[in-house]
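Got a new structure to look at? Let's walk through it with a few questions and answers.

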Amino acid sequence: MVFADRVNTLVQEGAYVVFAKAQELEAAGRTIIHLEIGQPDVPTPEHVAQAGIDAIRAGHTRYTLPAGTPALRQMVAEDAGRRRGLHFDPAQVVIGPGSKPALFFPTLALVRPGDEVMYPDPGFPTYKAMIEVAGGVPVPVPLKEAEDFSFDLDAFDRLLSARTRLIVLNSPSNPTGGVMPPSALEHVAAVARQRDLWVISDEIYARLVYDAPAPSIAALPGMLERTIICDGFSKTYAMTGWRLGYGIMPKALAERVELLLTHSVGCTATFTQIAGLEAIQGTQEPVEAVVREYRRRRDVLVAGLNAIPGVSCRMPQGAFYAFPNVAALGKSSDWLADHLLEDAGVAVLPGSAFGGNGEGYLRLCFANSVENIQAALPRLAQAMRELRSSAVSRQPSA
Ligand code: PLP
């Protein structure tokens with residue numbers, strides 16, 4: 001079959017590939033511990049789910065305006081603005097089915113053929129995909145492990161060109177859990193202002209932080225008019241399957257994105273938006289409780305990983321991912337992830353699923369019970385110890 005070029009480079013997200021293989025093993029009777037898929041293991045808060053159910057029963061099952069219900073746009077503008085110390089007009093808010101449309105559609109609206117777009121590598125696979133579909137040139141920016149996986153700013157400066165149009169940031173990050181420090185954000189902001197560039201700031205994990213808030217680049221001087229904030233309900237409110245997210249951007253761009261929504265998805269489910277309204281307006285206690293719980297799980301997982309010879313793992317500051325360096329084990333991350341699934345029955349993702357610079361790392365999601373994490377650790381440790389001892393025994397004696 002012949003396809004258009006714009007879809008020829010698209011590949012499946014690594015998480016789904018590993019998940020499918022893990023399911024095959026389960027079907028064959030194996031017990032697998034799932035640390036691959038990045039979604040909360042807790043249910044949607046009861047009061048939010050109930051608001052959605054009530055909305056369906058009350059007949060809120062029809063089309064709504066493409067950019068979202070006025071009530072939700074208003075509420076998001078207030079809540080997202082207050083949390084970032086900014087003022088947003090509801091006309092700047094575009095609601096979509098998940099936050100992915102708030103990444104994809106602004107990219108489609110801004111990137112012209114041949115425009116270069118910088119994005120973090122390792123990074124969320126959708127960034128490269130959306131750049132390519134938009135006809136842009138993906139320019140991966142390496143991250144620096146020693147600086148909590150923030151942008152390697154020397155590489156960033158070197159990779160800038162006259163064709164650079166857009167910079168994608170993701171802090172806290174998937175897959176590293178790193179949070180960009182203010183100094184790095186200021187560096188990127190200065191470049192964006194100087195060169196008149198756009199920034200997409202993917203802040204979907206902004207509420208899942210463990211030690212300090214993650215600052216938004218949008219709050220830096222002169223950045224509001226060139227930044228698209230992408231955020232949503234999936235991770236914060238455990239609503240991945242509801243499909244609800246938003247972008248906040250300059251009004252003229254929001255109008256273009258609204259047209260893209262009109263002609264693609266039409267609108268976001270009305271009852272889902274009513275549930276989202278309740279998520280923002282209602283008690284935030286479930287969010288606070290889950291952050292406390294993720295912190296406990298993070299500490300268990302990272303301590304356990306660091307106790308394995310050949311593994312070193314920085315403490316993630318946000319999101320729910322640990323990204324241990326496993327280069328010392330001498331295997332490709334792809335091989336290692338596959339081996340850990342087959343041999344130890346633990347599903348993890350290879351760092352290379354997040355770009356070439358993810359090689360030498362694994363991603364483990366700690367949105368899973370402490371019991372499961374504690375069950376996974378000895379299995380991982382044993383499989384990795386066996387690898388190291390077989391590597392040592394293969395070395396020629398001096
Ligand atoms: N951005 C990042 C960094 C993510 O990890 C994800 C989901 O895994 C998304 C965006 C998309 O989330 P959703 O479309 O469910 O809001």
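Pockets and the ligand

Q: How do the residues lining the largest pocket divide into nonpolar, polar and charged?
A: Keep in mind that this is a predicted model. The lining has 32 residues in total. They split into 16 nonpolar, 8 polar and 8 charged.

Q: Which residues lie nearest the centre of the largest pocket, and which elements give two or more residues to its lining?
A: This pocket has a volume of about 630 Å³. Nearest its centre are Val11, Gln12, Gly14, Pro125 and Ala353. The elements that supply two or more lining residues are helix 2 (14–27), helix 5 (100–110), strand 3 (116–121), helix 6 (126–133) and helix 12 (333–344).

Q: Where does the ligand sit among the pockets?
A: Around the ligand there are 13 residues, and Ser99, Asp202, Tyr205, Ser234 and Lys235 come nearest. That shell divides into 4 nonpolar, 5 polar and 4 charged residues. As for the space the ligand takes, that is the second largest pocket.

Q: Which residue has a side-chain N or O atom 2.6 Å from a nitrogen atom of the ligand?
A: Two other pairs involve an oxygen atom of the ligand: one is 2.8 Å from a side-chain N or O atom of Tyr205, and one is 3.2 Å from a backbone N or O atom of Lys100. For the ligand nitrogen at 2.6 Å, the side chain belongs to Asp202.

Q: How much of the ligand's exposed area does the protein bury?
A: Beyond contacts such as the 2.8 Å one with Tyr205, we can look at area. On its own, the ligand exposes 400 Å². The share of that buried by the protein is 93%.

Notes
Residues are numbered from 1 along each chain as its sequence is written. This is a predicted model: local features need pLDDT of at least 70, side-chain atom pairs count only at pLDDT 80 or more; totals for chains, interfaces and linings use all residues. Side-chain values use heavy atoms; hydrogens and water are left out. A residue is near a molecule or strand if one of its heavy atoms lies within 4 Å of it. A polar contact is a pair of N or O atoms within 3.5 Å; within protein, one must be able to donate a hydrogen and the other to accept it, and residues adjacent in sequence count only if both atoms are side-chain atoms. Accessible areas come from the Shrake-Rupley method with a 1.4 Å probe; for residues, only the protein chains shown count as cover. On a 1 Å grid over the protein atoms alone, a cavity is a set of points where a 1.4 Å probe fits but cannot get out, and a pocket is an open set with protein on both sides within 12 Å along at least five of seven lines; lining residues have an atom within 4 Å of a point. A molecule sits in a cavity or pocket if more than half of its atoms lie within 2 Å of its grid points. Ala, Val, Leu, Ile, Met, Phe, Trp, Tyr, Cys and Pro count as nonpolar, Asp, Glu, Lys and Arg as charged, and the others, Gly among them, as polar. Grid points are joined across faces, edges and corners, and a volume is the space filled by probe spheres set on the points. Helices (H or I, at least four residues) and strands (E, at least two) are DSSP runs, numbered from the N terminus.
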